[in-house]
Amino acid sequence: MRFIHCADLHLDTPFSGLADSRSAEIRQAELRSTFLAIIERAKQTDALIIAGDLFDQESLEPETVRTLVKGFASLGEIPVFIAAGNHDPLTEASYYRLAPLPANVHVFGTEPTRFSVADCEICGISFAGAQQEEALPLPSAGSQERPFICVMHGNVGGHDYNPISREQVAESGISYLALGHVHSYSREMIQKTLCVYPGCPEGRGFDEWGSKGVVEAVVTREGAKASFVPLCRREHQVHEVDVTGLTTNEEITAMLCDKITEEKDLYKFVLTGETEAVPHCDVIKAGLAPCFFAKIYDKTKRPLDIAALLAEPGVRGMFVQKIMEEQALHDEALCRKALELGLMALSGEKVKLS
């Protein structure tokens, strides 16, 4: 059996971290487009498996419902198997019950449900609510000789959201455990079971950086194979940039522009190092207009000779002495920042707080 395994699309994510509503709407539309790209790839397989969190929340936009229904219907007789997760649990008010899903869509119940597809058995179970602290029953292949696929949203080796123990998996006889919940691609062999998280098809924040997509898998009597397929429209890129020696915001902006390799992507820049310039994040960000979205964090330090400053007579020396005494009682990084800003103010410089 050959199939597409995806999870954690989180359709209709609000994208509240983006700069404006237009950018959020673009990303929401792109989630729908990525869903349709998954549908197109599934047309070349025996089945589409969705391991939970297809939706981000209980409410859905009408356009999203229409996209789902038409997309699933376009698969014809190719079956779709869905195990609801913590964001889209199978409740009475779930769109899995309310939307006019076509006949080829099978949503697993809150008790294990089995189907036969091609030369395989497939079984799954859905979340009944947003919390699932206890492990859901893990179906067992039993004595049947056909390859056995299990679909679940859960956390292998974890402690919440359906904690699945590796011991359970090892004893299950499952050929392929199609998982959701973890937003990065990973795979693990536990005895004869290939456990796979496809990750999310689109990153929704900088904690979901890098290439995202789905898994194309093949399960036979000989075993299971899985390949990651990148599909995301945009990547979240995270760069730590040492700006030591740069003296102006223009120089810092130019360095960051060199890091922008794909204008369509979203970038997070963390500025580090020692520089006389105090990075003005809004000014720098305005100079990075070609990219879709950018966020800048200033973790730079001003070059300071503490020994020389302590030896200075007058207010500056007294100020440094006071800060150094406070450092033993407070956060070191906070005291360092207070020292830098205070010295700037005593020197008559304009102090900007990011």
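Two strands pair if DSSP finds at least two bridges between them. Helices (H or I, at least four residues) and strands (E, at least two) are DSSP runs, numbered from the N terminus. With those ideas in hand, let's work through some exercises.

This is a predicted model, in which local features need pLDDT of at least 70 and side-chain atom pairs count only at pLDDT 80 or more, while totals for chains, interfaces and linings use all residues. Residues are numbered from 1 along each chain as its sequence is written, and side-chain values use heavy atoms, with hydrogens and water left out.

**Exercise 1. Describe how β11 and β12 are joined, and place them in their sheet.**

Step 1. Start with the pair itself: β11 and β12 run antiparallel and are joined by five bridges. Within this pair, I190 stands opposite T193 in β12.

Step 2. Now widen the view. The open sheet has six strands in the order β5-β6-β7-β10-β12-β11, and its pairing is mixed.

Step 3. Look at the ends of that order. β5 (113-117) and β11 (186-190) each have a single partner strand, so one side of each is left without a neighbour in the sheet.

Step 4. Add the twist. On average, neighbouring strands of this sheet are turned by 20 degrees against each other, direction ignored; here axes are lines fitted to C-alpha atoms, for helices over the stretch in contact, and angles run from 0 to 180 degrees between N-to-C directions.

**Exercise 2. Find the partners of β10, and decide whether its residues are buried or exposed.**

Step 1. On one side, β10 pairs with β7 (residues 148-153) in the parallel sense over five bridges. There, H153 stands opposite G180 in β10.

Step 2. β10 is also joined by three bridges to β12 (residues 193-197), again running parallel. In this pair L177 stands opposite C195 in β12.

Step 3. Check the cover. Buried means under 20% relative accessible area, exposed over 50%, and partly exposed in between (1.4 Å probe, protein chains only). Five of the five residues of β10 (residues 176-180) are buried.

Step 4. Sort them by face. In a regular strand the side chains alternate between the two faces of the sheet. Y176, A178 and G180 lie on one side of β10 and L177 and L179 on the other, and both faces are covered.

**Exercise 3. Describe the sheet that contains β1, and say what α1 does there.**

Step 1. Six strands make up this open sheet, in the order β4-β3-β2-β1-β13-β14, with mixed pairing. Its edge strands are β4 (105-107) and β14 (223-230), each of which pairs on one side only.

Step 2. Zoom in on one pair. Four bridges link β1 (residues 2-6) and β13 (residues 213-220) in the antiparallel sense, and I4 stands opposite E216 in β13.

Step 3. Bring in the helix. α1 packs on the sheet, touching β1, β2 (47-50), β13 and β14, and its direction makes about 165 degrees with that of β1. Contact means heavy atoms within 4.5 Å.

Step 4. Pick one residue of α1 (residues 21-42): A24 is found in this helix. A24 is buried, with a relative accessible area of 8%, and touches P14, F15 and L18, not counting residues up to four places away in sequence.

**Exercise 4. Which residues have the most contacts inside the largest nonpolar core, and which element gives the most to it?**

Step 1. Define the term: a nonpolar core is a set of buried Ala, Val, Leu, Ile, Met, Phe, Trp, Tyr and Cys residues joined through side-chain atoms within 4.5 Å.

Step 2. The largest one has 36 residues, and L48, L54 and F72 have the most contacts inside it. α1 gives the most to this core, with six residues.

Step 3. Follow L48 outward: among the residues it touches are I4, C6, F72 and F81.

**Exercise 5. Why is C6 in no disulfide?**

Step 1. A disulfide is a pair of cysteine sulfur atoms within 2.5 Å.

Step 2. The closest cysteine sulfur to that of C6 is in C200, 11 Å away, which is too far for a bond. C6 is buried, at 1% relative accessible area.

Step 3. Compare C257, which is in no disulfide either: its nearest cysteine sulfur, that of C291, is 8.2 Å away. At 32% relative accessibility, C257 is partly exposed.

Step 4. Finish with the whole structure, where a search finds zero disulfides.
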